[in-house]
Each structure stands twice: as structure tokens, then as C-alpha cells.
Amino acid sequence: MTAIDTTPQPRERILRAAADLLAEGGREAVSTRSVSAAAGVQAQTIYRQFGDMQGLLDEVARRGLAAYLADKKANLASGDPVEQLRRGWDLHVAFGLANPALYRLLYTDPRPDEGAAATDEAYGMLLQLVTRVAETGRLRMGVEAAAEMIQATGIGVTVTLIGAAAAGRLAEHEGLSESTRDAVLAALVTDAEQAAPVEEPRAARARHAVALKVLLDEAEEDRAFTPGEHLLLTEWLTRLASATTPANPD
């Protein structure tokens, strides 16, 4: 009976070695020489498999993020969409603190092409969650604007905490993530129990316009309107959604 060779192939050994070196020593530790030695391959094998070292780092980042997103999807499979946004924020920050070098590679030092592509799926998940909030009529602004605000502040908080952890000062920032998360969500989302008469009418119109615009976009294939009517209604809803403050009388 022939024994089955379970030795990882060179590509897999290279990826594992690069991921380990990145986790242990950061971006500077991932060199051609160090990866070659750790993976037991020649330098030309790395170039043949990944083009160059940046190509290798891109693949390490993509795989690391894919594993995180799979876990995130499992944790956000059901439930109240606002609570999912809250849990999603916490998962994002925890991922960054557990994988600081990988997180920096993904969010603070990406290439214009590959770096952005690696995080597209993560942002897509965020858009889906924000869209679900909009469908309930609880979102105060447009989906894209809200998602961008959550992403920007979430990355900023995570990078700050990573730097504090590296300096041994994480305890000084206790509660920063939670307080920032709650402040952002309070600015973007209304309380489920909020009584309609208490809410400022302009804000209420904006919320409902956001919800209707999302539902209209999802039902576009139903052809309830002609293309021209759909475009016009979308423009009106966009105006209402952005009209959260009284117009300047001047």
C-alpha cells in the first residue's frame, strides 16, 4: 500500500511561513530570505508562485481576512440589524487587536489595486447590515454615507488601540471602542421604541425616505415604474433623505 504524502505543497508552506513571520515580527520580518528559510524553498519559488514579495503579502492578507469574514458571517447570521452592527464593530476591533500586523497590512498600508480589493467583501458585509437597518426605517441618513462613517471610525479606533497595545498603554484606552461605537450608532440610528410625536418631523421624513429608497432599489426588477419614473422618485427620496436639518431661511 502506497503511503499518502501529507507534506504541504511549496505554495502552502510559503503562505504559512509568511503569515507566521508577519504575526511574530510585523511587515519588516517578511523578507525573501526569511520566508525562503522558514518554508524550505528557494527564493525563485516565491517569485514563481506570487510574482514578488508584495504579491505574497497580498495573498497572506486575503487569506487572513477571508478566515475572519467566515467567522463574522457565522456570528451575524440572524438577529436585530442594529445589534448586528454593534457586534460587527466589536468583532472588527477584536480582529485588529488579535492580528495587528495583518490589520495594518490590510487597512493602513494597502496598494491602490490589491489592497482595496482585499477589503471589498468586508465593506460589502457592512453595507448589507446598514441596508437592513434602513429597511426597518431606523436609519437617519443614506446607506452609503452611514456605512462610510462606521467604517472610517471603526478603522480609526482599531488603529489607535493597536498602537496603544504596542506601547503597553492599552489600559489607558479602556472603553474607547465601546463609547465610540455607541456614539456613532446613536448618531445614525433611531431607538426602536422612539415615539413618533417626539421625533422632529424633518428627521422622521428622512428616515422613511431612506427606507423607501432601499426597498425601491431592491424591487426595481418588479417594474412598478417606468425607468424615468424610477429615476425621478429616487431623486426625490434622496433629497428627502438628506434633508435632516431645516433649510437656511436666507
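Biologist: Let's start with one pair: which residue does Arg 181 form a salt bridge with, and how far apart are the closest N and O atoms?

Modeller: A salt bridge here is a side-chain nitrogen of Lys or Arg within 4 Å of a carboxyl oxygen of Asp or Glu. Arg 181 pairs with Asp 90, and their closest N and O atoms are 2.9 Å apart. Arg 181 sits in helix α10 (residues 176-188) and Asp 90 in helix α5, so this bridge ties together parts that are 91 residues apart in sequence. Salt bridges with shared partners also join Glu 83, Arg 86, Asp 90, Arg 181 and Asp 182 into one network.

Biologist: Before we go on, what kind of model is this?

Modeller: This is a predicted model, where local features need pLDDT of at least 70 and side-chain atom pairs count only at pLDDT 80 or more, while totals for chains, interfaces and linings use all residues. Residues are numbered from 1 along each chain as its sequence is written, and side-chain values use heavy atoms, with hydrogens and water left out.

Biologist: Are Arg 181 and Asp 90 buried or exposed?

Modeller: Buried means under 20% relative accessible area, exposed means over 50%, and partly exposed is in between (1.4 Å probe, protein chains only). Arg 181 is buried at 10%, while Asp 90 is partly exposed at 32%. Across the chain, buried residues make up 37% of the 250 residues.

Biologist: How many helices and strands are in the chain?

Modeller: Helices (H or I, at least four residues) and strands (E, at least two) are DSSP runs, numbered from the N terminus. This chain has 12 helices and 0 strands.

Biologist: How many salt bridges does the rule give?

Modeller: The count is 10. Among them, Lys 73 bridges to Glu 121, with the closest N and O atoms 2.9 Å apart. That pair links distant parts of the chain: Lys 73 is in helix α4 (residues 53-75) and Glu 121 in helix α8 (residues 120-135), 48 residues apart. Lys 73 is partly exposed at 44% relative accessible area, and Glu 121 is partly exposed at 41%.

Biologist: And what about Asp 80: which side chain does it meet in a salt bridge?

Modeller: Asp 80 meets Arg 138, at 3.5 Å from N to O. This one links loops: Asp 80 is in the loop between α4 and α5 (81-98), and Arg 138 is in the loop between α8 and α9 (143-166), 58 residues apart. Asp 80 counts as partly exposed at 38% relative accessibility, whereas Arg 138 is buried at 15%.
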